[in-house]
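Here's a quick briefing to read with the model open beside you. Keep the sequence handy too, and we'll go topic by topic.

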Amino acid sequence: MEFNDYQKLANRTLYGNEQVLTNCALGVASEAGEVVDLIKKYTFHGHDLDKKALTKELGDVLWYLSQIAEWADIPFENVAIQNIEKLEKRYPDGFSKEASQNRQD
């Protein structure tokens, strides 16, 4: 699925028109917290990594991010493209500890 197609399909389930941006921003934080909690339980509490739950929570984060972009009239694909371009510029040979320490920005 293409990012812009996802963004439009996800928008069909957005409810309300007042304070949508605030709701979506809070939703990103809330859902990201659920991702963090799953990883914490795996890393520090000895739980198995629940990939089904992790996939669900990552999808929830993706939904909120797509709707923030939709609200701001930013094609979601542009978000992905600009992020990859930034990473390629920052780490042209891929990430390494040395490259990270030598970065000027």
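Let's start with glutamate 77: setting aside neighbours within four places in sequence, it is in contact with Glu2, Phe3 and Asn4. Keep in mind that this is a predicted model. Glutamate 77 sits in helix H4, and the rest of the briefing moves from there to the other helices, the core and the overall form.

**Glutamate 77 and glutamate 85 in H4**
- Glutamate 77 and aspartate 5 are 72 residues apart in sequence, yet their C-alpha atoms are 9.1 Å apart in space.
- How much of glutamate 77 is accessible? Its relative accessible area is 28%, so it counts as partly exposed.
- Glutamate 85 is also found in helix H4.
- With a relative accessible area of 47%, glutamate 85 is partly exposed, because the exposed class only begins over 50%.
- From glutamate 85 to aspartate 50 the C-alpha separation is 32 Å, with their positions 35 residues apart along the chain.

**The loop before H4**
- Aspartate 73 lies in the loop between H3 and helix H4 (76-90).
- Its backbone is worth a look: aspartate 73 has a positive phi of about 55° although it is not a glycine.
- Is aspartate 73 buried or exposed? Aspartate 73 has a relative accessible area of 67%, so it goes down as exposed.

**Leucine 65 and valine 28**
- Leucine 65 belongs to helix H3.
- Which residues does leucine 65 touch beyond its neighbours within four places in sequence? They are Val28 and Phe76.
- Leucine 65 is partly exposed at 37% relative accessibility; buried would mean under 20%, so leucine 65 does not qualify for that class.
- Leucine 65 and threonine 55 are 10 residues apart in sequence, and their C-alpha atoms are 15 Å apart.
- Seen from the other side, valine 28 is in contact with Tyr64, Leu65 and Ile68, again leaving out neighbours within four places in sequence.

**The nonpolar core**
- The largest nonpolar core has 9 residues: Tyr6, Ala10, Val20, Cys24, Val28, Trp63, Tyr64, Ala69 and Phe76.
- At least two residues of this core come from each of helix H1 (3-11), helix H2 (20-44) and helix H3 (51-71).
- Valine 28 and Tyr64 are both in that core, and they are in contact with each other.
- Phe76 is another member of the core, and it is one of the contacts of leucine 65.

**Overall form**
- The protein has 5 helices and 0 strands, which gives the pattern α-α-α-α-α when read along the sequence.
- What is the radius of gyration of the protein? The protein has 17 Å, whereas a compact globule of 105 residues would be near 13 Å.
- Along the principal axes, the C-alpha atoms fill a box of roughly 45 × 35 × 25 Å.
- Take the contacts between residues at least 6 apart in sequence: 67% of them join residues at least 24 apart.

**Surface and charge**
- Of the 105 residues, 19% count as buried.
- The protein exposes about 8200 Å², and carbon and sulfur atoms supply 54% of that area.
- How many charged side chains of each sign does the protein have? There are 12 positive and 18 negative ones, and the centres of the two sets lie 5 Å apart.

Definitions and conventions: Residues numbered from 1 in each chain as written. Predicted model: local features only at pLDDT ≥ 70, side-chain atom pairs only at ≥ 80, totals over all residues. Heavy atoms only, no water. Helix = DSSP H or I, 4+ residues; strand = E, 2+ residues; numbered from the N terminus. Rg over C-alpha atoms; globule rule 2.2 N^0.38 Å. Buried < 20%, exposed > 50% of the residue type's maximum accessible area, 1.4 Å probe, protein only. Contact = heavy atoms within 4.5 Å. Areas by Shrake-Rupley, 256 points an atom, 1.4 Å probe, with all protein chains shown as cover. Lys, Arg positive; Asp, Glu negative; His and termini not counted. Charge placed at Lys NZ, Arg CZ, Asp CG, Glu CD. Core = buried A, V, L, I, M, F, W, Y, C linked by side-chain atoms within 4.5 Å.
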